[in-house]
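Here are two short exercises to work through with the model open in your viewer. Try each task before you read its solution.

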Amino acid sequence: MEEMARIGATKGGGVNRLTLTDADKEARDLFAAWAGEACLDLRIDEMGNMFAKRAGRENDAPPAMAGSHLDSVPNGGRFDGSLGVLAALEAVRMLNDKNISTRRPIEIANWTNEEGPRFPPSMLGSGVFAGAIPLETAYETKDADGVRFIDELERIGYRGDAPCAPRSIGSYLELHIEQGPALVSEGVQVGVVEGIFGLTWLRVTMKGERDHAGPTPMHMRRDALVGAARTIAAIRDIPAKLHPEFVATVGEFSLSPNAINVIPDDVTFSVDFRHSEPDLLAEARRLIEEAAHREAAKENLEVEIQEVGGSTPIAFDESVAQVVRSACEESGYSHRSMWSAAGHDARYAADLGPTAMIFVPCVAGKSHSEEEDMDWEDAYRGCDVLARALLKTADS
Ligand SMILES: [Zn+2]
């Protein structure tokens with residue numbers, strides 16, 4: 001983990017390994033070298049997804065897969081993603097050391113572009129692999145400088161020959177830091193992840209009338225910023241009406257003309273809201289739209305609400321979650337069931353075979369930050385549970 005964290009290391013103790021940059025290539029090269037040392041057969045697909053395969057007794061059986069990602073957000077943490085890839089490698093090294101054979105082959109996956117800030121959307125590699133995103137769409141995706149995904153993939157030498165298309169997998173396991181405070185605050189050692197929240201992304205635009213901040217009387221104003229601000233305040237209160245784990249965020253905001261002496265006439269903001277229940281997601285959307293129309297009407301604004309992205313909640317396979325629970329019990333670790341509020345490649349893997357995730361605590365629940373940290377004991381426990389569960393699924 002420490003050697004991998006040196007690639008793209010930042011002064012603040014994090015890593016900067018944006019997808020398909022030189023640092024991403026270096027991380028891939030290191031993983032490939034380690035996979036070679038562990039006698040794994042490495043295949044790279046058309047999206048640059050890397051699959052390191054350990055042969056099974058029935059080598060054509062759908063593989064027991066485990067993996068995560070080696071890319072990061074800008075100035076991200078050392079554990080997000082890397083833990084899942086390197087723990088899977090460690091599990092396979094352990095099987096090698098002990099000469100343990102498995103019925104199914106085992107494949108360790110390093111998915112391309114899990115994070116997505118350079119080439120949105122996130123989980124692009126696993127999305128194409130699952131058939132949810134067309135390969136051509138992924139190839140044509142451009143970064144902020146107008147550089148195409150396909151050109152960068154070729155530049156770093158990771159456009160592979162293996163088709164990136166759905167194939168059957170026997171099972172998929174992903175170990176990951178929790179990226180939230182539940183395990184830390186409850187003092188629980190392992191999270192057995194039973195599904196991933198669905199999310200909806202909206203873009204709300206409010207239009208009023210631009211005018212002089214001096215001579216325009218208050219009662220004549222159509223101030224787009226006032227309508228937007230009141231709507232955002234209302235959105236902040238919606239989750240509490242729905243469920244304790246419901247979350248909603250306004251993270252993007254733009255304002256025109258953004259000048260000290262001009263009444264704003266054009267405001268756009270985003271809304272991101274997430275939960276495990278489709279009905280509650282639909283109800284939240286209704287409440288958000290109601291709030292936007294109500295506040296826009298008070299200020300006599302035009303309002304437009306567009307859906308710009310989203311995914312449905314995914315419930316994982318209970319049988320794999322049960323394997324993870326048994327692994328925790330074999331080792332005497334405390335565990336609890338939970339859902340992930342963040343997206344992971346496991347979301348798409350679940351379309352191809354029975355899937356579960358293993359969460360371990362990270363310090364203060366913090367991630368996507370240079371301050372992201374974890375105790376090595378927690379990393380060890382996660383790796384132990386992953387290895388036990390992987391062995392069971394590979395022999396099933
Ligand atoms: Zn991650």
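**Exercise 1.** Find which residue of β12 stands opposite S254, then work out how β12 pairs with other strands.

*Solution.* Step one: S254 stands opposite T268 in β12. Strands here are DSSP E runs of at least two residues, helices are H or I runs of at least four, and both are numbered from the N terminus. Step two: strand β10 (residues 253-256) runs antiparallel to β12, with four bridges between them; strands count as paired if DSSP finds at least two bridges. Step three: β9 (residues 247-249) is also antiparallel to β12, through three bridges, and V247 sits across from R274. Step four: β7 (residues 198-207) pairs with β12 over 10 bridges, again antiparallel, with G198 bridged to H275. Step five: nine of the 10 residues of β12 (residues 266-275) are buried, so the strand is largely enclosed by the rest of the structure. Buried means under 20% relative accessible area, exposed over 50%, partly exposed in between (1.4 Å probe, protein chains only).

A note on the input: this is a predicted model, with local features needing pLDDT of at least 70, side-chain atom pairs counting only at pLDDT 80 or more, and totals for chains, interfaces and linings using all residues. Residues are numbered from 1 along each chain as its sequence is written, and side-chain values use heavy atoms, leaving out hydrogens and water.

**Exercise 2.** Identify the protein donors of the zinc ion and locate D80 and H176.

*Solution.* Step one: H69 (NE2), D80 (OD) and H176 (NE2) are the protein donors, 2.0 to 2.2 Å from the zinc ion. Donors are N, O and S atoms within 2.8 Å of the metal (3.2 Å for Na, K and Ca); water is not among the atoms, so sites may look incomplete. Step two: along the chain, the donor spacing reads H-x10-D-x95-H. Step three: D80 is in the loop between β3 (64-68) and α3 (82-97) while H176 is in strand β5 (residues 171-177), so the pair ties together parts 96 residues apart in sequence. Step four: D80 and H176 are both buried.
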